[in-house]
Amino acid sequence: MQNYICVTCGVQYEGSNNAPEQCVICNEERQYVHSNGQSWITLETMIKENYQNIISLEEEGLHSLTTSPAFAIGQTAYLVQNDGFNLLWDCITYFDDMTISKIKELGGINAIALSHPHYYSTQVEWAEAFDVPIYIHEDDKEWVMRPSDKIIFWSGESLELHKGLVIHRLGGHFKGGAVLEWKHGNEKKGILLTGDIIQVVADNQWVSFMYSYPNLIPLPAAKVQEIANSVTKLTFDRIYNAFHRVVKENAKISVQKSAKRYVDALNGELFNT
Ligand SMILES: [Zn+2]
Ligand SMILES: [Zn+2]
């Protein structure tokens, strides 16, 4: 039995003797099957190859985790150190003993929470190694490819994981799409870690919102407005996305003006071409 990993999205599947016929995550319009066709790898093979995880201090209480060379979608995960409670926000596929010992030096992990299915990666490997729960919104249950009793499917709109550390379901990119509000971060001005749910764009005073990023499918105007309205009550002045892009300050204003620009563009009120 092997736990096969899709090379395009980096999601690991439940144990099987043969590789799955297709990747459920990639055979869907929010992802894509590589033009060379479906391919699979295992964590054991990756460990024998040239990969390593880079863990970097971003600011007080916040470390980023990325894999080098980049693998699959190439996202960044974050370790949030919140008053003695360490949360792994989102996850990356590559995982080895070096990663475990570096994270233990930072105080280990108390829980894992995910923004959406594109970053489920090898979350069960991480949860088993640190013996911690994984929080996934129940609306995205169907996208879990490796079931585990470590997974807690939460419901409703918000869940406080620890004091000042709250996950919120915003939906949009995925129905259960969640963001993490870290009230104590950024000298208590607050940080929002958004995965792909609110996307920091090239001009990092702005954000965007999409149903599919690789296939450029927008969200309905009403949903974008709903997301913008939902975050007005949260505590944050800074946003981190899943690709090392940051809105450094006034991020709350950035979300509002970006949502307005998006809705105006959809309505044909922003430009004439
Ligand atoms: Zn895939
Ligand atoms: Zn995504």
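This section describes two helix packings and several loop residues in a predicted model.

Helix 4, formed by residues 221-231, packs against helix 5, formed by residues 251-266. The two axes approach within 9 Å and cross at roughly 170 degrees. An angle over 145 degrees counts as roughly antiparallel, and helix 4 is therefore roughly antiparallel to helix 5. The crossing of helix 4 past helix 5 is left-handed. On the side of helix 4, the contact is made by Ala221, Val224, Gln225, Ala228 and Val231. Helix 5 contributes Lys252, Val255, Gln256, Ala259, Tyr262, Val263 and Leu266. By class, the residues of the contact between helix 4 and helix 5 comprise nine nonpolar, two polar and one charged.

A second packing involves helix 2 (residues 97-105) and helix 3 (residues 123-130), whose axes are 12 Å apart and meet at an angle of about 55 degrees. Helix 2 and helix 3 are thus oblique to each other. Helix 2 passes helix 3 in a crossing that is right-handed. Thr99, Ile100, Ile103 and Lys104 of helix 2 make this contact with Trp126, Ala129 and Phe130 of helix 3. The residues of the contact of helix 2 with helix 3 fall into five nonpolar, one polar and one charged.

The loop between strand 4 (62-68) and strand 5 (77-82) contains Thr76. Pro69 and Phe71 are also found in the loop between strand 4 and strand 5. The peptide bond leading from Ser68 to Pro69 is cis, and its omega is near -10 degrees. Phe71 has a relative accessible area of 9% and is therefore buried, the cut-off for burial being under 20%. Not counting residues up to four places away in sequence, Phe71 touches Ile5, Cys6, Val7, Gly10, Ile41, Met46, Tyr51 and Thr93. Of these contacts, Thr93 lies 22 residues from Phe71 along the chain, and the C-alpha atoms of the pair are separated by 7.8 Å.

Thr76 is likewise buried, at a relative accessible area of 2%. With neighbours within four places in sequence left aside, the contacts of Thr76 are Ser64, Leu65, Thr66, Ile92, Ala242, Phe243 and His244. Ser64, Leu65 and Thr66 fall within the span of strand 4. The side chain of Thr76 is joined to that of His244 by a polar contact of 3.5 Å.

Leu170 is situated in the loop between strand 11 (165-169) and strand 12 (178-182). The relative accessibility of Leu170 is 4%, so Leu170 counts as buried. Excluding residues up to four places away in sequence, Leu170 touches Gly177, Ala178, Val179, Ile197, Ile198, Lys223, Ile227, Ser230 and Val231. Among these, Lys223, Ile227, Ser230 and Val231 lie within the residue range of helix 4. Val231 of helix 4 also takes part in the contact with helix 5. Lys252, one of the helix 5 residues in that contact, is 82 residues from Leu170 in sequence and 15 Å from it in space, C-alpha to C-alpha.

Gly156 occupies the loop between strand 9 (151-154) and strand 10 (158-162). At a relative accessible area of 34%, Gly156 is partly exposed. When neighbours within four places in sequence are left aside, Gly156 is in contact with His137 and Arg169. Arg169 falls within the span of strand 11. Gly156 and Leu57 are 99 residues apart in sequence, and their C-alpha atoms are 32 Å apart in space.

Two residues that are not glycine have a positive phi, namely Glu187 and Asn250. For Glu187 the phi angle is about 50 degrees. Glu187 is found in the loop between strand 12 and strand 13 (191-193). With a relative accessibility of 72%, Glu187 counts as exposed, since the cut-off for that class is over 50%. For Asn250 the phi angle is about 55 degrees. Asn250 lies in the loop between strand 19 (246-247) and helix 5. The relative accessible area of Asn250 is 42%, which places Asn250 in the partly exposed class.

Methods
Residues numbered from 1 in each chain as written. Chains lettered and ligands numbered in written order. Predicted model: local features only at pLDDT ≥ 70, side-chain atom pairs only at ≥ 80, totals over all residues. Heavy atoms only, no water. Axes fitted to C-alpha atoms, helices over the stretch in contact; angles between N-to-C directions. Helix = DSSP H or I, 4+ residues; strand = E, 2+ residues; numbered from the N terminus. Parallel < 35°, antiparallel > 145°, perpendicular 65-115°, else oblique. Left-handed = near helix turned anticlockwise from the far one by under 90°. Contact = heavy atoms within 4.5 Å. Nonpolar A, V, L, I, M, F, W, Y, C, P; charged D, E, K, R; others polar. Buried < 20%, exposed > 50% of the residue type's maximum accessible area, 1.4 Å probe, protein only. Polar contact = N/O pair within 3.5 Å; in protein donor to acceptor, adjacent residues only side chain to side chain.
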